[in-house]
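User: Please take a close look at the site around the bound ligand in this model. I would like one connected account of what surrounds the ligand and of the space that holds it.

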Amino acid sequence: VSGVGGRDGAAAKAAILTEALPYIARWQDRIVVVKYGGNALAGAGAGAGAGEAAQRAALVTFASDVVLMRSVGMRPVVVHGGGPQIGALLARLGMETAFVGGLRVTDAETLDVVRMVLLGQVNPDLVGAINVHGPLAIGLSGADSRLLTTRCADPALGFVGDVESVNPTVLHRLLEQRLIPVVATIGADETGQPHNVNADTAAAAVAEALQASKLIYLTDVEGLRRDVNDPASLVSTLDADELGELLSTGAVTAGMIPKVTGCLRAVRGGVGQAHILDGRVPHALLLEIFTDEGVGTMITLA
Ligand SMILES: Nc1ncnc2c1ncn2[C@@H]1O[C@H](COP(=O)(O)OP(=O)(O)OP(=O)(O)O)[C@@H](O)[C@H]1O
Ligand SMILES: [Mg+2]
């Protein structure tokens with residue numbers, strides 16, 4: 001809305017609010033799990049290697065969107081990764097890091113760094129940005145209240161965990177108090193050994209356990225492409241079977257794989273719909289939830 005004051009500006013604002021009304025009614029009390037990608041966090045609209053100011057702006061915008069969702073009666077749950085931030089600290093420490101099948105090989109020292117970054121930096125930054133608006137967000141990890149119980153994914157990957165079970169009790173309690181849980185995806189196995197869990201996979205498991213109405217992946221691409229190198233091949237909607245087929249063609253690679261498998265798991269497990277959105281677009285969340293414009297990719301069961 002360009003005309004700020006004036007009659008035209010007022011009419012446009014009223015139109016936007018009116019358009020939002022049915023969506024506000026529809027999503028009342030509904031649980032929405034939002035996975036915020038480390039890449040989206042690394043700077044909305046500024047591309048890779050964004051400076052600190054852009055990073056801060058992305059965080060502030062994301063936080064106000066989540067607060068708005070909660071203010072109109074939704075129950076957002078934030079799940080986050082932090083790949084670029086972990087990579088940056090490993091580089092500063094001069095530590096080598098390797099990926100196998102999109103997963104970071106995590107030895108004991110790397111696990112220390114992963115925990116420092118996720119629990120000491122990314123999680124409190126997100127919580128802090130939301131809490132500028134009031135006493136709303138609470139940070140936790142998968143080890144809290146046994147939210148995420150893990151098992152070793154593959155000995156070759158070190159301390160990387162698969163989600164064995166999700167105990168959503170703590171999230172239900174927080175949501176009941178109208179708090180916004182912000183989850184760092186460090187889980188623990190039966191013995192208490194911490195594991196690094198892929199945030200996309202964890203978000204899908206949490207959404208399924210909560211029987212959320214929506215699962216939203218905010219990432220650094222405008223949505224799912226049929227051809228990874230062709231932005232014009234964006235898919236706006238597809239059902240689980242179509243997505244399964246696309247996955248089997250090899251069109252989905254790298255960091256998109258856990259998102260696609262997460263979307264499949266979620267919608268097949270009872271989550272109403274899953275979305276892959278461009279987190280670099282300011283207010284992508286609001287556009288998806290409160291307007292008639294379909295942004296990014298939407299996956300439904302059928
Ligand atoms: N078919 C596809 N359509 C769109 N993107 C794809 C596809 N296949 C692979 N990709 C890649 O997946 C990337 C998104 O996943 P990535 O893991 O890099 O980000 P993220 O999960 O949002 O962030 P983080 O892993 O830090 O939490 C895109 O930038 C793109 O390069
Ligand atoms: Mg990723």
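Analyst:

**The site around ligand 1**

In this predicted model, a polar atom in the side chain of Lys35 is placed 2.8 Å from one of the oxygen atoms of ligand 1. The side chain of Asp220 also approaches the ligand, with an N or O atom 2.7 Å from an oxygen atom of ligand 1. At Thr253 the backbone takes part, since an N or O atom of the main chain lies 3.1 Å from a nitrogen atom of ligand 1. On its own, ligand 1 has 640 Å² of accessible area, and the protein covers 81% of that area.

The shell around ligand 1 consists of 21 residues, and Lys35 and Asp220 are listed among the closest, together with Thr219, Arg225 and Lys259. By class, this shell is made up of eight nonpolar, eight polar and five charged residues. Several elements contribute at least two residues each to the shell, namely helix H2 (38-41), helix H4 (83-92), strand E11 (214-219) and helix H9 (256-268).

As for the space itself, ligand 1 sits in the largest pocket, whose volume is about 850 Å³. The lining of this pocket comprises 36 residues, and those nearest its centre are Asn39, Asn198, Asp200, Gly255 and Lys259. Helices H2, H4 and H9 each supply at least two residues of the pocket lining, as do strand E4 (103-104) and helix H7 (199-210). Sorted by class, the lining of the largest pocket has 16 nonpolar, 14 polar and six charged residues.

Lys259 therefore deserves attention when the site is inspected, being listed among the residues closest to ligand 1 and also among those nearest the centre of the largest pocket.

For completeness, the structure also holds one cavity of 30 Å³ or more, and the largest cavity has a volume of about 50 Å³. Its lining is formed by Arg70, Met74, Arg75, Pro76, Leu175, Arg178 and Leu179, a set that divides into four nonpolar and three charged residues, with no polar ones.

Methods. Residues are numbered from 1 along each chain as its sequence is written. Chains are lettered from A and ligands numbered from 1 in the order in which they are written. This is a predicted model: local features need pLDDT of at least 70, side-chain atom pairs count only at pLDDT 80 or more; totals for chains, interfaces and linings use all residues. Side-chain values use heavy atoms; hydrogens and water are left out. A residue is near a molecule or strand if one of its heavy atoms lies within 4 Å of it. A polar contact is a pair of N or O atoms within 3.5 Å; within protein, one must be able to donate a hydrogen and the other to accept it, and residues adjacent in sequence count only if both atoms are side-chain atoms. Accessible areas come from the Shrake-Rupley method with a 1.4 Å probe; for residues, only the protein chains shown count as cover. On a 1 Å grid over the protein atoms alone, a cavity is a set of points where a 1.4 Å probe fits but cannot get out, and a pocket is an open set with protein on both sides within 12 Å along at least five of seven lines; lining residues have an atom within 4 Å of a point. A molecule sits in a cavity or pocket if more than half of its atoms lie within 2 Å of its grid points. Helices (H or I, at least four residues) and strands (E, at least two) are DSSP runs, numbered from the N terminus. Ala, Val, Leu, Ile, Met, Phe, Trp, Tyr, Cys and Pro count as nonpolar, Asp, Glu, Lys and Arg as charged, and the others, Gly among them, as polar. Grid points are joined across faces, edges and corners, and a volume is the space filled by probe spheres set on the points.
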